[in-house]
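These questions ask how each label is earned. Each answer sets a value beside its definition.

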Amino acid sequence: MVKSILYTSVLCLAVSQGLSQERATVHSYRFQDAELRAALDSMLRWYAVPLIYLERDVSGKRVTAECSACGFEEALQALIAKQGLAWKRLGGQVLIQKQSARVEPSTATFAGTLIDSLTGEWVADANVLLTSGQDSTIYRWCSTSQFGFFSLRNIKPGDYLLTIRRIGYHTVYKPVTILPGSSEVRAFPMTEQEVAHPEVTVEGRRSALTASAGISRGVYIRATASDHNQYLLEGARIHNPLHFGGVMDAFNGDALRDVQMIAGGVPPYYGGRIGGILDVSLRNGTSERFSGSAGTGMLGSDLVLEGPLFERTTFLLSGRQGYPDIFLPRYRETGAPSDLNSSELMAKVNRRLPGNQQFSLSGYFGRDTYEKAASGPNGKQLLNSLRWGNVAANLRWIGVASPSLFFFTSAAYTRYGFNVEHRFEPQGNSPSELFSSDYVIENAAFRAHAEFFYDEYHTVLAGVELVHHAMRGSISEFSSQIAAMSLDGFSPWELSVYFQDQWRLVPSVLAEYGIRATSFVAKQGSFSAVDPRFSLVATLSGDLRLYSSFSAVNQFIHPYRHSGIFLFYPSIFLYPSTEKIPPSTSLQTSFGIEKNFEEDRYRLTLESYYRTTQKLHEFAFDTTQQNTNGIAGALLVGEGTAYGAEVTLVKRIGEFTGSVRYSLSWASNRFDELNNGDPFRPRFDRRHELYATLSYLLHENWTVGGVCLLSSNQFPSFAPHGVDERKILATNRADAAFESAYAEPFDLNGGRLPGFQRVELYVQHRFSSWGVPCDATLRLVNGYGLLDPFAWELNNSPDNRLRWRATFEPPPVFPLYPVMTMKVRF
C-alpha cells in the first residue's frame, strides 16, 4: 500500500495578514519545465496564502506556465490548469485536489416556443416531431400548449429532422443537432398560411363567438342552458358577455388569438360551472409596425389598433359600437320601436422579458342598453329600461422557468352588473309608478399554474386559484314575477387546488387524470368538494383516433334566468350556495372517434355523451301566496339528465371550406313538486340542431358563403295567465294552453321559445383603394336578431307579479334583410 502523505504549507503569519497581502500583491512569473511542487512553494512565498494539497497529487509533475501581473487566483489557475487539479477556498486557506471525473450526460432536453413570424403570437396546438434515419422514423413527438411551449425530455444526442405542423401555417422542416446535456429553450417562427375559412369556430382560432352561430343569443352546449357556461377572457371570468338578439358577436374576432370551446372532458384547471367552457385569448399586438383596421356598417362600427410601444412592448386596442336600431328598427306591427345599443372596448399591453417570459395587462369593458315601451288599459304606458355590462382587468406573468418547467400567474378583477327600471306613466295627473332592480357581482381572483415535463411519459400540471366574490343588489317582484329578492351581504371565498398527470402509456395512447378540490366558505354556509377528471386518447393510425372522458363539476355560484325579464333578456343575476341553497353537481362522460382524410383536408368527428346533474335548481310560481323568503323560498331542487350524439364534418383547406354539424339530444328534468314527480323536457332541450358554415373563393378577390343554424322547438309549458301552474301539473291537466308532455312551469309570460332558425348569405370583395387594402361585405340575414320578437301586454292585476306578460312571436326565416359593411386595413 502506498502511503499518502498530507503536505501542509504553513507560513508563520496570521491568516488575516496573508489575505491582506494577497489582495495587494500581483506578480509575474514564467516556469519552463519546472517541478510543480517547487512552483507551488514560489506561489506560497509571493502571495502568502496557505496551500493545502496531497503529496501524491503533485509528486513527479512538471509545469510550463506563465502569467504577467497576476493576482493570486489568476496566477494559481494558470499554474494548475493543465495538471488535472482544481482548487477551492476553505476559510483563509486554499485546498488543491484532483479534479473529479466528469460524466457526460447521455441525454438532453429539447424545448422551445412557437411564435407567429408576423405578429409574435404564440402558436398553440401545433404538432412537433423529431424524426431520424433515412426512413424518417418518428423518434419523439408532442403538441404545443396554449402558450406555444413544448418540451421533449431524455432525448438521445444526435442529428434529427424537426417537423412542425399546424393548420393555418406553413410546415417547418429544420435539421437540428442535439448535444449531450443540452437544455436550451429555442424559439421557432411559424409563417401563416392563407386559409379561406370565415367561420373558424370548429378550429377554435380567432372565432368571434359569432352571432351567426347563435352564440350571442346563447350557447347551448349539450342541452345545457347557456347561463351555466363559463366564459373566460385572458383567464378572467366574464359573467355575461352576450348581447341581445344576436346582432353583435360576443367578442370582436379581429382582436382574438384563440378560442377554446370545451363541451366534455373538462380539465382540472377549469371549474365552477356545470355547462361548457368558452376560453378566449387576445392577441398581443404585432411588433413589426403600427397597424390596424376600421370598419363601419348598417349595424355597427369597429376599430382595431396594434403595434409596438417600446422595445419588446406591444399593444392591442379594440373598440366596437353597435346601433342596429338606426338602420333596422327593432319593431313589431304593434307598439313603439325599441332601442338597442351595444358598446365594447378591449385592450392589452404585452411586455417580453428576457428568458422566455412575458408580462401582460389586459382590460375589457362591455355595455348594453335596451329601451322598450308598452301600452296598457286606461291609457297607461310602461317604459322599460335595461342596462347591463362587464368590466374586467387582468395582470399576467407567463414564463419558462427551465426547459422542463412552464408557469404563469395572474391577478384579475371582474365586475358584472345591471340596472332595470319599469316606469308606469298614467294619463292625467296620477303619479307615476317605478319598479327598479339592480345587481352587482365583483370578483377578485389570484391564480398560479405550473406545468412540469417530468420525462417522456409524464407531464404534471398543478395550480391554485383563490377567488373572492362580493354580491349586492335587490330584485323587485315586478321584474322577477316570483318574489322580491335581496342579495346584500353575500361575500364568499372560493379556494381551488388542482392537479393533473398527462401520462403517455404507450406512444399512441395518452391518459389524463386529475382532481380539482374546492372549498367554498361564506357566513351563510360553507361547502367542500373534490371533482375527479379523466380522459383517454388512443391514436390508432396517423389519421384515426378514439377518445373518451369523464368529469365531475360542482357549481357554487348559480345563474338566475327562470322567470320575468330574466327569462328572455340577457340581464341575468347570480346567487351563491347557502345552507338553504345547495351546490349543484354534474357528472358527464363522453366517447368519440375522429378521422382525417386527404392529408388532413377533411375531418369527420362522431361523439356521444351522457350527463346527469344532481341538486338542479328551478323556481316555482304560486299566485295563492306571497313569498317572503326570497330565492330560498321559491327554490325547487331536483335532478336532470341529458344524452345525445354529434357528428361534424369539416373541410379546412382549399378554395371551398366549411363545416357541417348535426346534433341529436334528449334532456329531461325531474322535481318532486312538479308534474307529479315525473320527468319533463326542459326549455333548453334542442332535440335536433343543424349548423353549417360554407365559404367558396370564387376569385382571388371574391368570396361567397353562408351560415345556417336550424334547431327544433323548445317546449316550455304555459298555463293560462294567473293560474297556479303547480296545481295544473299536479292534476296532469291538458288544455289548449298547456301540453303536459312538455311541462316547464316557469315561462310565466305565456310565451313559447321556438327553434332558433338563422340563415345568412354573404358576398365579400377585397380590393385596394389608394394603396389601402379594403373589403366590402354584403350580408343577407333573416329577422332573428334584427327584429324585436317580444310584445309586452299590461293589465290591472293588484298582484305586481301579474301586471304584465311578454309574448314571443319569432320572425319568419324569410325575407332576408341586406346589411352592408366596409372595412379598411392599414
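Q: What is the volume of the second largest cavity?
A: About 150 Å³. The model is predicted: local features need pLDDT of at least 70, side-chain atom pairs count only at pLDDT 80 or more, and totals for chains, interfaces and linings use all residues. Residues are numbered from 1 along each chain as its sequence is written, and side-chain values use heavy atoms, without hydrogens and water.

Q: What makes a space a cavity?
A: On a 1 Å grid over the protein atoms alone, a cavity is a set of points where a 1.4 Å probe fits but cannot get out. Grid points are joined across faces, edges and corners, and the volume is the space filled by probe spheres set on the points. By this rule there are 17 cavities of 30 Å³ or more.

Q: Which residues line the second largest cavity closest to its centre?
A: Lining residues have an atom within 4 Å of a point. Of the 16 that line this cavity, Gln230, Arg237, His239, Arg273 and Leu574 are the closest to its centre. The elements giving two or more residues to the lining are β14 (230-233) and β32 (557-560). Strands (E, at least two residues) and helices (H or I, at least four) are DSSP runs, numbered from the N terminus. The protein has 44 strands and eight helices.

Q: Why is Trp770 called exposed?
A: Its relative accessible area is 87%. Exposed means over 50%, buried under 20%, and partly exposed in between (1.4 Å probe, protein chains only). Therefore Trp770 counts as exposed. Trp770 sits in the loop between β40 (757-769) and β41 (772-781). Its phi is positive, about 55°, although it is not a glycine.

Q: Why is Asn154 called partly exposed?
A: Asn154 has a relative accessible area of 30%, so it falls between the two cut-offs. Asn154 also has a positive phi of about 55° without being a glycine. Asn154 belongs to strand β10 (residues 149-155). That strand is mostly covered, with six of its seven residues buried. Across the protein, buried residues make up 53% of the 826.

Q: How do you know that β7 and β10 pair?
A: Two strands pair if DSSP finds at least two bridges between them. Strand β7 (residues 108-116) and β10 have five, in the antiparallel sense, so they pair. Thr113 has Phe149 in β10 as its bridge partner.

Q: What makes β9 and β12 edge strands?
A: Each pairs on one side only. They are β9 (137-143) and β12 (172-178), in an open antiparallel sheet ordered β9-β8-β11-β12. Within that sheet, five bridges join β8 (residues 127-132) to β11 (residues 158-165). Thr131 stands opposite Leu161 in β11.

Q: What makes a set of residues a nonpolar core?
A: The members are buried Ala, Val, Leu, Ile, Met, Phe, Trp, Tyr and Cys residues joined through side-chain atoms within 4.5 Å. The largest such core has 45 residues. Those with the most contacts inside it are Phe418, Tyr439, Phe573 and Trp792. Strand β24 (residues 405-425) gives the most, with four residues. A second, separate core of 24 residues includes Leu79, Leu85, Val94 and Ile96.

Q: Which residues is Phe418 in contact with, leaving aside neighbours within four places in sequence?
A: Contact means heavy atoms within 4.5 Å. Phe418 meets this with, among them, Arg387, Trp388, Tyr439, Ile475, Phe566 and Phe573.

Technical notes:
1 Å grid on protein atoms, 1.4 Å probe; cavity = no way out; pocket = protein on both sides within 12 Å on 5 of 7 lines; lining within 4 Å.
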